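Let's take a slow walk through a protein model together. Have a look at the sequence and the picture first, and then we'll go through them piece by piece.

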Amino acid sequence: MSVKALRSTFGPNCHWCGLPMDFDEPAGRPESATIEHLVDSTFGGVRSSKHRRLAHAACNHARNQFRQQAERQFTQWIVERQALGKALPEN
Ligand SMILES: [Zn+2]
């Protein structure tokens, strides 16, 4: 689905913040509409299926940043957990 098709299906507002998006060409501004690829197992039942929505470039970018940050924090937590596990006496 193109931006145009998604706009006619879901409307002109951002999937994440609900505010109107900028559809002027060329795109590339923070408020420009971008295609967000949602992957959600509860959404249609197929684990690998992708669902497209429109979102601001800024919202799309922020979401990716936060997800990467969360992934790094989780990785760090695992490292700390493993370090703690090594310190425990063996059974
Ligand atoms: Zn937005």
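What follows is a tour that starts with the overall layout and then zooms in on a few residues.

First things first: this is a predicted model. How confident is the predictor, on average? The mean pLDDT of the protein is 87, and 84% of the residues score at least 70. If you go element by element, helix α1 comes out with the highest mean, 94, while strand β1 (residues 33-39) has the lowest, 88. Keep one rule of thumb in mind as you look around: where pLDDT is low, don't read the predicted coordinates in detail.

Now for the layout. You'll find two helices and two strands here, and along the sequence they come in the order α-β-β-α. Of the 91 residues in the protein, 11% are buried. Then there are the contacts: taking those with a separation of 6 or more, 48% link residues that sit 24 or more positions apart.

Let's start at helix α1, which covers residues 3-10. Is it buried or in the open? Of its eight residues, the number buried is zero, so α1 lies largely in the open. Lys-4 belongs to this helix, and it counts as exposed because it has 10 C-beta neighbours inside 10 Å. From Lys-4 to Ala-33 there are 29 residues along the sequence, and their C-alpha atoms are 10.0 Å apart in space.

Phe-10 is also part of α1. This one has 14 C-beta neighbours inside 10 Å, so it counts as partly exposed. Which residues does Phe-10 touch, leaving aside those up to four places away in sequence? They are Arg-53 and Leu-54. Leu-54 is 44 residues away from Phe-10 along the chain, yet their C-alpha atoms are separated by 7.9 Å. After α1 comes Gly-11, which has a positive phi, near 90°.

Leu-54 also takes us to our last stop, the largest nonpolar core. Which residues make it up? There are six: Cys-14, Met-21, Ala-33, Leu-54, Ala-55 and Cys-59. So you've now met Ala-33 and Leu-54 in two places: Ala-33 in the distance from Lys-4, and Leu-54 as a contact of Phe-10.

Met-21 is a good core member to finish on. Not counting residues up to four places away in sequence, Met-21 touches Pro-12, Asn-13, Cys-14, Glu-31, Ser-32, Ala-33, Leu-54 and His-56. Among them, Cys-14, Ala-33 and Leu-54 are listed in the core too.

Terms used: Residues numbered from 1 in each chain as written. Predicted model: local features only at pLDDT ≥ 70, side-chain atom pairs only at ≥ 80, totals over all residues. Helix = DSSP H or I, 4+ residues; strand = E, 2+ residues; numbered from the N terminus. Buried ≥ 20, exposed ≤ 12 C-beta atoms within 10 Å, placed from the backbone. Contact = placed C-beta atoms within 7 Å. pLDDT = per-residue confidence, 0-100. Core = buried A, V, L, I, M, F, W, Y, C linked by C-beta atoms within 7 Å.
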